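This report describes a single protein model for a reader who is new to structural biology. Please keep the sequence and the three-dimensional view at hand while reading.

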Amino acid sequence: MVIICYFNKMVGKLFGTTGIRGTVNDFLTPEFCSKIACVFGNYVREKFNAKNILVGMDPRTSSDMIKHAVISGLLSAGCDVYDSGITPVPAIQCAVKEKIYKFDAGVMITGSHIPIERNGLKFFIPDGNEVYGKIEDEIEDMYFSGKSERASWNEIGKIYNADAGKIYKEMLLKEGIKVDKENALKIVVDTGHGAQSNIMPFVLREFGHKIVTLNAQMDGFFPGRPSEPDKKNLENLIKVVNALNADIGMAFDGDGDRSIFIDDKGEYIMGDMIGAIIADSMMKEGDFVVTGISTSAIIDYVAEKHNGTIIRTKVGAADVVGAIMKNNAVFGFEENGGSIFPNINLGREGGLTAVKILKILHDKKKKMSEIIAEYPKFYQIKEKIQCKDELKNKLTSAIKEKIKEKYTGTKIDETDGIKILFGDGWILFRPSWTEPIYRIFAEGKSESKAMELIEFGRKIALLSLENLK
Ligand code: MG
């Protein structure tokens, strides 16, 4: 027997660029989380005959509340729930994908790097991939049509404990290299109070390295640093790497799917460079690698070296993963430090990226700064201007018109916003759909070229915006 229940009749969009996000106890209430989890439970039971749902969370102050609401919703849909507690996102994806375990699908409660008063939900289907495109639409349709099925009293699910972190640790240990005392590296690990705090320091120590941890107590108030591992938030990590004369520093975002590195000279390494170094170690002739439109031309240099192909997508992990699957690519990455190894995991992998970088250091027997020095240098400048949502598409069209009339014959890529490719550099104009800003990126082979391009880009964008008002 099933009980049909009708949710609030609403219309609109729930999924953003990555999962469902919102302010806690405003949009993201226990009531909403329970309902959407029930819809997801119905969806996976119907589409995939999936019943065993693995649930993980990040250490945000609201994650416990949301997790219990999500679990209630899933149980009410007749799903059994495997509660893994605080767990990195890639651990959930990895455990769902690995079919030797009983998990059919997954839900992760995570705000990743966004402000502390917000949080989010990510849903995973049986291949470990995050729900995307058509699946998001179908789940939204089920939610907004107000119709979902609740299990009868004798078919309500059960809760079990699970440890996806253990499965994840085993995978990471298998992928890395144990070193003897002589080859042990001094590594400073800044887990940013996030979900990697109880995974990565232990994995790296087990490889035989000397580990110093920073911000490794999980804490939803993020007292040591905000969860976004950008340069300004990693000042302490850089100081400690320098003070201890460490071989490498690494930092993770709140839910552990992205990692950023500091070299042995205390220099912050751009995510583009890490992606290029890993791609260089993996690519064979004819291979495909996928990355976003805003990634540095350094990856084109790597592809040329291996006679391979780079596919550029819209910015966002879902598009990168989609293109990886479509083209059977060996690797994909984003310039924000998210790398995807499709043979292991169909999602961004902060932990595995760190393990791969350590393996490259070990194989090459070189310092991180020496490896970086082997690559040509590109200079990138990122800027943003204030722009209201309703003006963003108009601004993109206005910039395109201006470029076309001024620079006939210039190569324009419209994959995401407008990218203008000059011989010795590029400019990307791209609206943000999460903030009231419009982004302008420029890259050149010299610092002065990058400066010249960003000034040119800013001028065109501001002028075009002024004309729209
Ligand atoms: Mg994240």
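Along the sequence, the donor residues of the magnesium ion follow the spacing S-x140-D-x1-D-x1-D. The model is a predicted one, and the description below starts from this metal site.

**The magnesium site**

Which residues coordinate the magnesium ion? The donors are Ser112 through OG, and Asp253, Asp255 and Asp257, each through OD, at 2.0 to 2.2 Å. Three of these residues can be described by their exposure to the surroundings. Asp253 has a relative accessible area of 0% and is therefore buried. Asp255 also has a relative accessible area of 0%, so Asp255 counts as buried. Ser112, with a relative accessible area of 1%, is buried because buried residues have values under 20%.

**Two residues with positive phi**

Ser112 deserves a second look for its backbone. Most residues other than glycine have a negative phi. Ser112, however, has a positive phi of about 45° although it is not a glycine. Its place is the loop between strand E5 (105-109) and strand E6 (118-124).

Asn328 also has a positive phi, near 55°, in a residue other than glycine. Asn328 sits in the loop that runs between helix H10 (317-327) and strand E16 (331-333). Is Asn328 buried or exposed? With a relative accessibility of 66%, Asn328 counts as exposed, because the exposed class begins over 50%.

**The second largest pocket**

The second largest pocket holds about 250 Å³ of space. Its lining is made up of 15 residues, and those nearest its centre are Ala297, Asp300, Leu421, Phe422 and Trp426. By class, this lining has 6 nonpolar, 2 polar and 7 charged residues.

Which strands each supply at least two residues of this lining? They are strand E20 (418-422) and strand E21 (425-431). E20 gives the most, with 3 residues. In terms of domains, at least three lining residues come from domain 2 (176-372), and at least three from domain 3 (379-468).

**The cavities**

How many cavities of 30 Å³ or more does the structure hold? There are 2 of them. The largest cavity has about 60 Å³ of space. Its lining consists of Gly176, Ile177, Val179, Phe207, His209, Val355, Leu358, Lys359 and His362. By class, 5 of these lining residues are nonpolar, 3 are polar and 1 is charged.

The second largest cavity has about 30 Å³ of space. The residues around it are Ser259, Gly271, Ile274, Gly275, Phe333, Glu334, Gly337, Gly338, Ser339 and Thr353. Helix H8 (residues 271-282) provides the largest share of this lining, namely 3 residues. The lining divides into 2 nonpolar, 7 polar and 1 charged residues.

**Salt bridges**

Side chains of opposite charge can pair when their charged atoms come close. In this model the count comes to 29 salt bridges. The following table presents some of them.

| Acidic residue | Basic residue | Distance, N to O |
|---|---|---|
| Asp58 | Arg60 | 3.4 Å |
| Glu130 | Lys122 | 3.4 Å |
| Asp230 | Lys232 | 3.0 Å |

The exposure of the paired residues adds to this picture. Asp58 has a relative accessible area of 1% and is therefore buried. Its partner Arg60 is buried as well, because its relative accessible area is 3%, and buried means under 20%. In the pair of Lys122 and Glu130, both residues are buried.

Is Lys232, the partner of Asp230, buried or exposed? Lys232 has a relative accessible area of 61% and so counts as exposed.

Salt bridges can also be joined through shared residues. Which residues are linked in a network of salt bridges? Lys13, Asp137 and Glu140 are linked in this way.

**Summary**

Ser112 connects two of the topics above: Ser112 is a donor to the magnesium ion, and Ser112 has a positive phi. Asn328, which also has a positive phi, is exposed, whereas Ser112 is buried. The open space described here includes the second largest pocket, at about 250 Å³, while the enclosed space includes the largest cavity, at about 60 Å³.

Conventions:
Residues are numbered from 1 along each chain as its sequence is written. This is a predicted model: local features need pLDDT of at least 70, side-chain atom pairs count only at pLDDT 80 or more; totals for chains, interfaces and linings use all residues. Side-chain values use heavy atoms; hydrogens and water are left out. Donors are N, O and S atoms within 2.8 Å of the metal (3.2 Å for Na, K and Ca); water is not among the atoms, so sites may look incomplete. Buried means under 20% relative accessible area, exposed over 50%, partly exposed in between (1.4 Å probe, protein chains only). On a 1 Å grid over the protein atoms alone, a cavity is a set of points where a 1.4 Å probe fits but cannot get out, and a pocket is an open set with protein on both sides within 12 Å along at least five of seven lines; lining residues have an atom within 4 Å of a point. Grid points are joined across faces, edges and corners, and a volume is the space filled by probe spheres set on the points. Helices (H or I, at least four residues) and strands (E, at least two) are DSSP runs, numbered from the N terminus. Ala, Val, Leu, Ile, Met, Phe, Trp, Tyr, Cys and Pro count as nonpolar, Asp, Glu, Lys and Arg as charged, and the others, Gly among them, as polar. Domain bounds come from an automatic or database domain assignment. A salt bridge is a side-chain nitrogen of Lys or Arg within 4 Å of a carboxyl oxygen of Asp or Glu.
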